[in-house]
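The questions below ask how certain descriptive terms are justified, and each reply sets a computed value against the criterion behind the term.

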Amino acid sequence: MNSAPVRRAASAYRSVPIVYRIAAGFVLGAIVGLVVGEPATRLQPLGDLFLSLLNMLVVPLVVFTLLAGMERLSPARLGRVGGTVVGLYVVTTAIAATIGLAVANLLQPGAGQEFVPGEAESASAPSIAEVVLGIVPDNPIGAMAEGDLLSIIFFVVVFGLGLAWVRDRTDDERVRAGSETFFEFVDAGTEALFAIVWGVMEYGVLGVFALTAASLATNGIAGIVSLASLVGVVALGIAIHIGVTYLGLITAGLLGQSPIAFLSGAKDAMVTAFSIRSSSGTLPVTIADARDNLAVDESVYGFSLPLGATINMDGAAIRQAVTAVFAANVVGVSLGIGEQVTVLATVVLVSIGTAGVPGAGLIMLTIILNALGLPLTVVGFVAAVDPILGRIATTNNVTGDLAVTALAAKYNDAIDFSKGVWVGSRSSPDAAASSAND
């Protein structure tokens with residue numbers, strides 16, 4: 001038997017990006033669910049396996065990717081520039097999550113369409129004090145065993161910073177070598193987990209097909225309408241964040257510099273990010289924009305942009321905040337104040353560990369649904385529009401990286417307004433003089 005056609009077909013299949021194959025799985029699943037009807041619910045176990053595989057990866061991914069992120073945040077690099085950059089990243093991510101929650105609470109995507117099978121597993125909403133105090137674990141190992149994600153994130157961040165501090169400050173060569181070895185182990189473990197995630201996402205094509213078919217078999221076109229509302233609300237939140245937060249900071253923080261000039265300087269990175277859906281993959285273009293268009297000194301962009309590609313996930317913060325409200329709506333649960341604070345805290349903290357993970361949006365959503373006690377069935381359904389959500393969220397992330405970089409450079413005297421897109425862009429009287437003397 002000639003196996004060459006099979007190999008060619010398999011090669012052609014693998015050559016298609018995974019996000020498009022997952023989207024195709026959704027389309028086929030929707031067709032099967034709507035056409036076949038109730039018998040398609042028998043595919044549910046195949047979808048449940050996909051959810052179990054995702055859930056299996058949550059705790060190790062949080063631990064390893066956060067530790068890898070902490071390696072970049074060594075105390076030696078957290079000087080004036082580092083403090084400014086990290087502070088702005090945290091603040092803008094918190095603002096992004098708040099915008100996402102505000103828009104979602106106002107527009108209520110998925111409301112009135114309870115089509116996801118299974119009941120929510122959440123108990124009564126915790127108070128704000130319980131959420132804050134619950135972040136600090138009594139027993140970190142116990143928190144990992146129980147999947148207490150906020151406590152895990154808190155401990156790993158503290159431990160990672162402590163390990164980086166010891167590595168940079170100790171005079172004991174054994175301790176320094178051990179710290180380096182530990183971080184090397186973390187890097188190797190992270191790469192291994194990424195490889196596993198790739199395999200899970202490959203199976204996710206079938207998993208999403210099965211989940212979509214089973215869901216739409218009993219709920220019909222209402223599911224499609226809900227997904228459209230989810231995409232629309234996320235897009236609106238991201239448009240508000242870029243237009244108000246970033247451009248407002250550029251106008252005020254850069255003393256009247258034109259926001260249009262900033263967008264002109266950032267457009268190459270924004271288009272690339274939308275095309276490839278990867279902050280890390282866009283990094284060479286982002287660096288070129290910062291250096292050539294925005295005239296930022298390398299001492300700032302050399303630190304802020306690689307770090308931003310790792311921890312600055314404003315678009316993901318908006319996306320996950322909106323999706324959390326969407327998930328609650330489609331299972332018929334209302335999120336209380338305490339639960340929404342949980343969403344806000346989880347989104348801000350877990351964003352440190354999401355960069356570079358294939359299917360990061362789905363992993364992050366799994367973490368948030370676990371923290372809220374909501375059924376993971378929503379993950380497979382939201383995966384259908386992951387390519388769309390990922391593109392607009394990544395565009396937001398890269399725009400935020402450049403906005404924070406420009407602001408940090410301004411406050412550290414590491415930006416030249418007489419070069420790049422800034423020439424003549426300020427409305428203040430000294431702008432014209434600066435251009436004339438250039």
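Q: What makes it correct to say that the charged end of Arg391 sits over the ring of Phe274?

A: In this predicted model, the charged end of Arg391 lies 5.8 Å from the centre of the Phe274 ring. The criterion requires CZ of Arg to be within 6 Å of the ring centre and within 35 degrees of the ring normal, and the Arg391 group is listed as sitting over the ring of Phe274.

Q: Why is the pair of Phe64 and Phe185 called tilted?

A: A search of the whole structure finds six aromatic pairs. In the pair of Phe64 and Phe185, the ring centres are 5.8 Å apart and the planes stand at 55°. Centres within 6.5 Å make a pair, while planes under 30 degrees apart would count as stacked and over 60 as edge-to-face, so the pair is tilted.

Q: Which parts of the chain does the pair of Phe64 and Phe185 tie together?

A: Phe64 belongs to helix α3 (residues 44-72) and Phe185 to helix α8 (residues 173-219), so the contact between their rings ties together parts that are 121 residues apart in sequence.

Q: Why is the pair of Phe155 and Phe159 called stacked?

A: The planes of Phe155 and Phe159 are at 15° and their centres 6.0 Å apart; because planes under 30 degrees apart count as stacked, the pair is stacked. Both residues lie in helix α7 (residues 149-169), four residues apart, and are thus separated by about one helical turn.

Q: How do you know whether Phe64, Phe155 and Phe159 are buried or partly exposed?

A: The relative accessible area of Phe64 is 19%, and because buried means under 20%, Phe64 is buried. Phe155, at 29%, and Phe159, at 35%, count as partly exposed, because that term covers values between 20% and 50%. Ring pairs link these three residues with Phe182, Phe183 and Phe185 into a cluster.

Q: What makes Leu230 stand out in the largest nonpolar core?

A: This core has 121 residues, of which Leu230, Phe262 and Trp422 touch the most other members. The largest share of the core, 12 residues, comes from α3. Leaving aside residues up to four places away in sequence, Leu230 touches Pro109, Val322, Thr323, Phe326, Val382, Val385 and Leu389.

Q: Where does the pLDDT stay under 50?

A: The pLDDT stays under 50 over residues 118-126, and is below 50 over residues 427-438 as well. Where pLDDT is low, the predicted coordinates should not be read in detail. The protein chain averages a pLDDT of 79, with 84% of the residues scoring at least 70.

Note on methods
Residues are numbered from 1 along each chain as its sequence is written. This is a predicted model: local features need pLDDT of at least 70, side-chain atom pairs count only at pLDDT 80 or more; totals for chains, interfaces and linings use all residues. Side-chain values use heavy atoms; hydrogens and water are left out. Helices (H or I, at least four residues) and strands (E, at least two) are DSSP runs, numbered from the N terminus. Buried means under 20% relative accessible area, exposed over 50%, partly exposed in between (1.4 Å probe, protein chains only). A nonpolar core is a set of buried Ala, Val, Leu, Ile, Met, Phe, Trp, Tyr and Cys residues joined through side-chain atoms within 4.5 Å. Contact means heavy atoms within 4.5 Å. pLDDT is the predictor's confidence in each residue, from 0 to 100.
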